[in-house]
Structures are given as C-alpha cells and as structure tokens.
Amino acid sequence: MSVRELVVLGTASQVPTRHRNHNGYLLRWDGEGFLFDPGEGTQRQMLRAGVAAHDIDRICVTHFHGDHSLGLAGVIQRINLDKVPHPVTAHYPRSGQRFFDRLRYATAYRETVALLEAPVDTDGPLVRASGYTLEARRLSHPVEAYGYRVVEPDGRRMLPDRLAAHGIKGPDVGRLQREGSLNGVALEDVSEVRRGQRFAFVMDTRLCDGVYALAEGCDMLVIESTFDEDESLAVEFGHLTAGQAARVAREAGVRHLVLTHFSQRYTDPAEFERQARAAGYEADLTVARDLDRIQLPKRRA
C-alpha cells in the first residue's frame with residue numbers, strides 16, 4: 001500500500017525556539033523517503049516523530065545556511081551507525097561542496113553505507129525513477145539555493161462505460177493497458193489521463209521564476225513564510241511573507257499549501273493563516289507545527 005505524507009521535523013527559521021526546532025522535513029513517497037533541509041536537532045526530532053535512518057533514501061539540501069544543514073553531520077553518522085541497507089543520495093548546491101564535505105566528515109566515525117553525492121548546479125530533472133522525477137529550480141537568496149519538486153508520471157484511468165461499449169472485459173483490460181491497443185480499440189478510446197501527483201519544497205527565497213515553476217499545479221506545496229506583512233524586510237533578507245506564499249499557491253493552482261520556516265519574532269501561528277487567506281488562497285492550508293504528519297491530497301478526479 002502506498003503512503004505519501006509529509007512528516008514535519010522542525011519549522012523554525014534561523015534560531016530554534018521552545019516550540020520550534022530547526023528545519024527538517026521527511027516526505028514519504030511510497031517506498032522512498034526524501035529528507036529535506038536537516039537543520040540542527042533533526043536526529044532527535046526523527047526519534048520523536050518515529051522516523052528511522054532506514055527511512056531515508058535521498059537528502060535534499062536547498063542551501064547551506066545553518067538552520068537548513070547543520071543537522072547533516074548527525075544524520076549522516078546515524079545512517080552509518082544504523083547500517084542502512086541501501087545507498088543514500090545527497091543533493092545540494094554544487095557551490096556549497098566545501099560545506100557538505102565539512103559536515104559529512106565533521107568528526108570521526110565508521111562509514112558503512114554508500115552515501116552518493118549528487119550536487120546540483122542547473123535547473124531541471126535530477127533523477128528519473130519508476131515512480132517519480134525529482135527536479136530542481138534555482139531560487140533567489142543571498143547564497144545559492146535550489147528548490148525541489150517530485151513529480152509522478154501521468155497515468156491513465158480506465159472508463160468502464162467505454163470498455164463495456166467496446167465489449168472489453170476481464171483479462172483483456174490488462175492486455176489493452178500493456179499493449180496500447182486491442183482488436184482495433186486504442187487505449188485512448190477507453191481511458192483518460194490521470195495526472196500524477198506533484199509535490200514541491202521551496203525554502204529561503206525572494207519571489208522569482210523558480211518559485212512559480214516549482215509550485216505550478218502542485219498537490220502539495222511546502223513553502224517558507226518567514227515574515228508577516230513586511231515585504232520590504234522579506235526582500236532585504238531573501239525571504240517570503242505568508243501573503244506572498246499564498247498568492248503564489250493561488251496563482252499556481254496548489255491544492256494544499258503548507259506554510260513553515262517562521263521567524264522567532266512571531267508567536268501566534270494563526271496570524272500566518274489569516275494573512276494567507278487574506279491574500280486570496282481558498283484551498284487546503286496548514287500552518288506547520290513540529291511533528292505534524294500531513295497526508296498528500298488524493299489524486300485529482
């Protein structure tokens with residue numbers, strides 16, 4: 001049975017608070033796990049959330065500010081301590097290679113797992129797997145940063161009334177799906193496109209083309225909303241407000257918006273939701289809290 005959910009390990013920007021750990025997010029995508037931006041304390045948050053090192057297949061780092069990457073050292077060492085039985089691939093901006101190297105070998109430990117380095121230096125697909133494509137887009141931040149997007153290939157939904165009209169039933173349905181046509185009937189004649197699910201992860205950035213490209217048509221968008229209504233402050237420090245994030249989601253047709261990465265100056269999470277709604281976003285909205293588990297929406301009908 002497939003499981004697609006986001007496990008929120010931390011939601012704080014820059015510094016943790018009593019109620020917010022540094023960033024950390026695990027996307028469960030069927031049998032694979034994507035760990036995004038493991039900040040300081042991620043290993044302990046994994047324990048609290050019931051996430052094991054074995055659950056991690058890919059580590060995706062948007063950029064090398066500490067609140068998004070200082071947890072790498074502990075996570076990598078835990079992967080090796082637990083002897084994870086599969087290779088783990090790390091994606092991160094190529095310009096930050098020296099930081100990745102320092103974090104990977106911050107202290108002495110025994111390497112038991114193949115950790116594959118796959119630095120990012122351009123927009124576009126990074127991985128094409130059987131159940132998804134992992135893509136990256138450049139963002140706008142004081143240091144080089146990339147956002148990530150997981151896209152499921154489109155499939156086809158069989159239409160019972162059209163199958164019946166052509167007298168196709170039983171094992172012939174599977175044969176038609178495999179071969180594309182049967183007795184002069186094309187697969188397109190008795191089915192329709194079922195769009196694959198789309199998930200995007202957008203952290204520290206100003207508004208830019210990459211933000212919109214990542215968000216386009218997503219079933220779930222996890223996006224930073226560091227500041228409230230002060231857009232000048234957001235531009236100065238390379239961040240987004242809740243209103244900006246919500247407008248992006250509205251224009252991109254996002255089905256479930258997850259706001260996160262909150263400045264320590266804000267103590268009332270409800271204010272982020274109020275501002276997002278005021279910006280015109282009407283679909284499902286979650287203001288993330290540490291240890292939340294958020295299911296991806298069901299596929300579009």
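Here is a short tour of one sheet, the helices that lie across it, and two nonpolar cores. The model is predicted. Its open sheet has 7 strands with mixed pairing, and the largest nonpolar core brings together 32 residues.

**The open sheet**
- Reading across the sheet, the strand order is S6-S5-S4-S3-S2-S1-S18.
- Strand S6 (115-117) and strand S18 (293-295) are the edge strands; each has a single partner strand, so one side of each is left without a neighbour in the sheet.
- From one strand to the next, the twist averages 20°.
- For a look at one pairing, go to strand S4 (residues 58-60) and strand S5 (residues 88-91), which are parallel and joined over 3 bridges; here isoleucine 59 stands opposite alanine 90 of S5.

**Helices across the strands**
- Helix H1 (residues 42-49) lies across S1 (4-10), S2 (24-29), S3 (32-36) and S18, at about 130° to S1.
- Helix H3 (residues 72-81) lies across S3, S4, S5 and S6, and runs at about 175° to S4.

**The nonpolar cores**
- In the largest core, the residues with the most contacts inside it are Leu221, Ile223, Val254, Leu257 and Leu259.
- Elements giving two or more residues to this core include strand S14 (198-202), helix H7 (209-215), strand S15 (220-224) and helix H9 (242-252); H9 supplies the largest share, 6 residues.
- Setting aside neighbours within four places in sequence, valine 254 is in contact with Ala215, Cys218, Leu221, Ala249, Tyr281 and Ala283.
- Another core, of 25 residues, lies apart from that one, and among its members are Leu6, Leu27, Cys60 and Leu134.

Key. Residues numbered from 1 in each chain as written. Predicted model: local features only at pLDDT ≥ 70, side-chain atom pairs only at ≥ 80, totals over all residues. Heavy atoms only, no water. Pairing = 2+ DSSP bridges. Helix = DSSP H or I, 4+ residues; strand = E, 2+ residues; numbered from the N terminus. Axes fitted to C-alpha atoms, helices over the stretch in contact; angles between N-to-C directions. Contact = heavy atoms within 4.5 Å. Core = buried A, V, L, I, M, F, W, Y, C linked by side-chain atoms within 4.5 Å. Buried < 20%, exposed > 50% of the residue type's maximum accessible area, 1.4 Å probe, protein only.
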